[in-house]
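This text walks through a structure in two parts: the surroundings of a ligand, then some details of the backbone. The sequence and the structure come next.

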Amino acid sequence: MSKNVDLNQEGVQVKKSACYFCHQNCGVLAYVKDNKVLAIEGDPEFPTNQGGLCCRGNAALLHLDHPDRVNYPLKRVGKRGEGKWEKIPWQQAIDEIAARLQDIKQKFGPEAVATAGGTQRTDDWARRRFMNYFGSPNGFHNAHLCWIPTFMVETAIYGWCPFDLDIGNSRCLVLWGQNPGASGMPEMHHIKELQDKGLKVIVIDPRFTETAAKADLWLPLRPGSDLALALSWLHVIIYEGMADDDFLTNWCTGYEELAAHVVDFSPEWAAPLTWLTPEQIRAGAVMYATNKPGNIQWGTSVDQIGRPAGATMHARALLRAVTGNLDLPGGDLLTGPSKDFITDEEMEANDVLTAGQKAKQLGSDKFKMVTWPGYQRIADLTKKFWGKAPTAEWMCEAHPPSVFRAIISGEPYPVKALLVSATNPISSYGETKLVMEALRKVDFMIAHDYWMTPTASLADYVIPSAGALERPTITSSYGCADFLLASQRAIQPMYGRRNDYNFWRDLGLACGQQGNWPWETVEDAYFDKIKGLGYDAKTYDEFVENQRFHFPEREYSKYKERGFATPSGKVELYSSVLEELGYPPLPQYVGPTENEIDNPELAEKFPLVLTTGGGFMPFHHSEHFQITPLRYLNHSPYMDINPETAAKLSIQDGDWVWIETARGRIRQKANLTPGIDPRVVFTQRGWWYPERDMRDPVLGGCMESNANVLTTTADVDCDPFSGAWANRGLMCRVYKAEQAAEKEVC
Ligand SMILES: Nc1nc2c(c(=O)[nH]1)N[C@H]1C(S)=C(S)[C@@H](COP(=O)(O)OP(=O)(O)OC[C@H]3O[C@@H](n4cnc5c(=O)[nH]c(N)nc54)[C@H](O)[C@@H]3O)O[C@H]1N2
Ligand SMILES: Nc1nc2c(c(=O)[nH]1)N[C@H]1C(S)=C(S)[C@@H](COP(=O)(O)OP(=O)(O)OC[C@H]3O[C@@H](n4cnc5c(=O)[nH]c(N)nc54)[C@H](O)[C@@H]3O)O[C@H]1N2
Ligand code: SF4
Ligand SMILES: [Mo]
């Protein structure tokens, strides 16, 4: 909070806004006068942050009016990537983009238009709505790496994803590939408080992280080997007398089949695969199964391990069932979608898209869980049971690498336009060389962003987006939660910026979607969403000012009356939904995407095991590299390497090193740490250098230190259930770089 501004002066209003720089969506109080934000502070009444803001949140005013922000629609006037732009009025941009999309639709069909999104931070139901009315099934996100496959696999097994934790009543928390110490700090704060009251915390992570440092048990497994660990936990719990017989007998099908299936997956079997000892594996299973009620909280790692990902999610999901930890006080809650307010799915207009167009969704023939075949099956079940379906915008997407390949090859049909919104695919999607080729090749591209990112630099139009302080926000777990937290805009958008909702609405109207966008502003849409809640509010803003949150009363063990939203009405340990879709009904063991046992020749050339990503402060994926005070906190990209390995490679702390996989190489600085196994290295993700030349081919140095140059999206390396590609558990080699990166900032 600024100390230099008089906040008691006349005319200052306090707006209940939110930070949107990460999923925590902390509450913010914004002090506003004459459409200017004078100061911000954390909202002490907001349940997650309770008044605190991290360094990113505190930099919101620097972000709001940073000199590098794109403030007006830009039209390319030079060659693609040449950096020559003309400022144009909003409506001109909308009309020209719409005309181009309509032309492509006429020549190649609506499916030739694709849209790309990023991590949750925007009104993506509006993008879906636009695409449904336009007639294209090819909207996608990189949320394939981020919860979406987990949600669908878990919903197949027990009728919803138990992402809501009753952690206040829990006795054991398993953080499986999750590091809230860097990726969700307000959450970490609560975990610490609960630990003081006796909560046991197990951290499964190859690195000794901020969170591992606080754990009761840290299991530093080989990256990508999570499936062997989950299967052996199932074995221990079932064969060492810790299963919940009552829950299994009364509420599950397929227990006998599961028990027979895991009979050989002992800790002794899993030890050489996970690089843990049998004692460590057993200790974890015992701690989780005997400190009941317990939780396994979602972490993004398992979504990112590629080939074994779906089976790992499946095995991990079964752990909750065999211990009876589902929907009980202190357990993993199956809340279902909201009964009380209109969900995002209900605003997406999914019924408008014809069956013929749904069948054209790219990747849906190969990866069925998060495309129309799997989504439709699951949506039918959940609608019958809960009355509503999960958000299609996230749970039913084209397969991104398949779209990039279609752009490049024209197969199975041409994709000619890509609308990129709230994402920077060059940094965040897998196998950057493939992404880059597609972005350079696509006939027509627009980017909707705050900044001139490497991706935006290749666009035909760049559309300026309004940020968190300039728009209202509803937080409700990708539109899938039964609760919501609402915030209001502090100010109207500055300059020529508009929020994402208005972009999709205006584009829809210009594409002939009159009559399909009844809400002129996003507040109008949000008010429709919440007006059935029964609070006495006449506008959305009034709801935020007086009410702000909706948390329905918790109902536990609902299955005792209603069963589960599966074909049998029970938890299906042997999953009939997965079987119907052509997947193994029980989790079959498969090794990490690349590994020394199945690929000895590869391991000879690339002897170290690589994991990329894991959030780190102060950045959020590829964001915030422009904000100088944040950059001072972390000025260069770092990779973690054990001192023993570094010594063998003549690498010293702080040296620039190359990290190379079969896809390419990148350069980062070595951080020597004993907190990582000598056989493993970790690279930070998201890095680019906004201070460098933004024109093609430099594009802000976006290939130099970018972890996704190393990752793989080949179909055979992807999870067969969902198509999620592999960022973690790959083979690499590391060697000293002859010189430093082009320019160092600090
Ligand atoms: N190798 C590797 N790759 C990963 C990961 C990993 O661990 N390792 N993690 C993955 C995960 S979990 C995720 S969620 C993805 C994230 O991937 P992305 O969501 O693509 O993240 P960013 O690269 O930060 O790109 C977001 C862009 O959107 C802009 N932006 C932010 N908010 C808004 C908004 O409200 N509206 C608009 N129009 N623009 C906005 C930002 O300026 C930024 O340029 O990356 C994935 N990629
Ligand atoms: N600072 C910061 N915070 C963020 C983000 C950010 O970019 N920066 N991104 C946000 C987003 S979109 C998301 S989805 C969340 C994700 O947050 P989390 O769910 O916490 O996931 P990550 O931080 O990606 O990775 C967690 C841990 O997984 C470990 N890990 C790596 N490979 C493996 C493996 O093979 N198996 C296991 N078990 N663990 C492994 C890493 O060492 C890392 O510490 O964070 C959010 N918060
Ligand atoms: S960036 Fe920081 S302040 Fe903003 S929501 Fe995330 S944790 Fe909260
Ligand atoms: Mo994410």
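The shell around ligand 1 is made up of five nonpolar, 19 polar and seven charged residues. The model is a predicted one. In total, 31 residues surround ligand 1, and the closest are T119, T423, S428, S622 and R685.

Where does ligand 1 lie with respect to domain 2 and domain 4? Ligand 1 lies between them, because both domains give residues to the shell. Domain 2 consists of the segments 74-147, 339-471 and 495-520, while domain 4 covers 600-739.

Some atom pairs can be followed one at a time. In R685, an N or O atom of the side chain is 2.5 Å from an oxygen atom of ligand 1. The side chain of N708 has an N or O atom at 2.8 Å from a nitrogen atom of the ligand. With H448 the backbone takes part: one of its N or O atoms lies 3.0 Å from a nitrogen atom of ligand 1. How much of ligand 1 does the protein bury? Taken alone, the ligand exposes 910 Å², and the protein buries 98% of that.

The second part concerns the backbone. Most peptide bonds are trans, and most residues other than glycine have a negative phi. Against that background, four places can be looked up in the model.

Two of them are peptide bonds that lead into a proline. The bond from K292 to P293 is cis, and its omega is near 0°. P293 sits in a loop, with α12 (278-290) before it and β13 (294-297) after it. The bond that joins D696 and P697 is also cis, with an omega of about 10°. P697 belongs to the loop between β26 (680-683) and β27 (728-736).

The other two places concern phi. N35 is not a glycine, yet its phi is positive, at about 55°. To find N35, look in the loop that runs from β2 (27-33) to β3 (36-42). Is N35 buried, exposed or partly exposed? With a relative accessible area of 38%, N35 is partly exposed, because partly exposed covers the values between the 20% limit for buried and the 50% limit for exposed.

A422, likewise a residue other than glycine, has a positive phi near 60°. The loop that holds A422 lies between β15 (417-421) and α18 (425-428). T423 and S428, listed among the closest residues to ligand 1, come back to the ligand described above.

Definitions and conventions:
Residues are numbered from 1 along each chain as its sequence is written. Chains are lettered from A and ligands numbered from 1 in the order in which they are written. This is a predicted model: local features need pLDDT of at least 70, side-chain atom pairs count only at pLDDT 80 or more; totals for chains, interfaces and linings use all residues. Side-chain values use heavy atoms; hydrogens and water are left out. Helices (H or I, at least four residues) and strands (E, at least two) are DSSP runs, numbered from the N terminus. Buried means under 20% relative accessible area, exposed over 50%, partly exposed in between (1.4 Å probe, protein chains only). A residue is near a molecule or strand if one of its heavy atoms lies within 4 Å of it. A polar contact is a pair of N or O atoms within 3.5 Å; within protein, one must be able to donate a hydrogen and the other to accept it, and residues adjacent in sequence count only if both atoms are side-chain atoms. Accessible areas come from the Shrake-Rupley method with a 1.4 Å probe; for residues, only the protein chains shown count as cover. Ala, Val, Leu, Ile, Met, Phe, Trp, Tyr, Cys and Pro count as nonpolar, Asp, Glu, Lys and Arg as charged, and the others, Gly among them, as polar. Domain bounds come from an automatic or database domain assignment.
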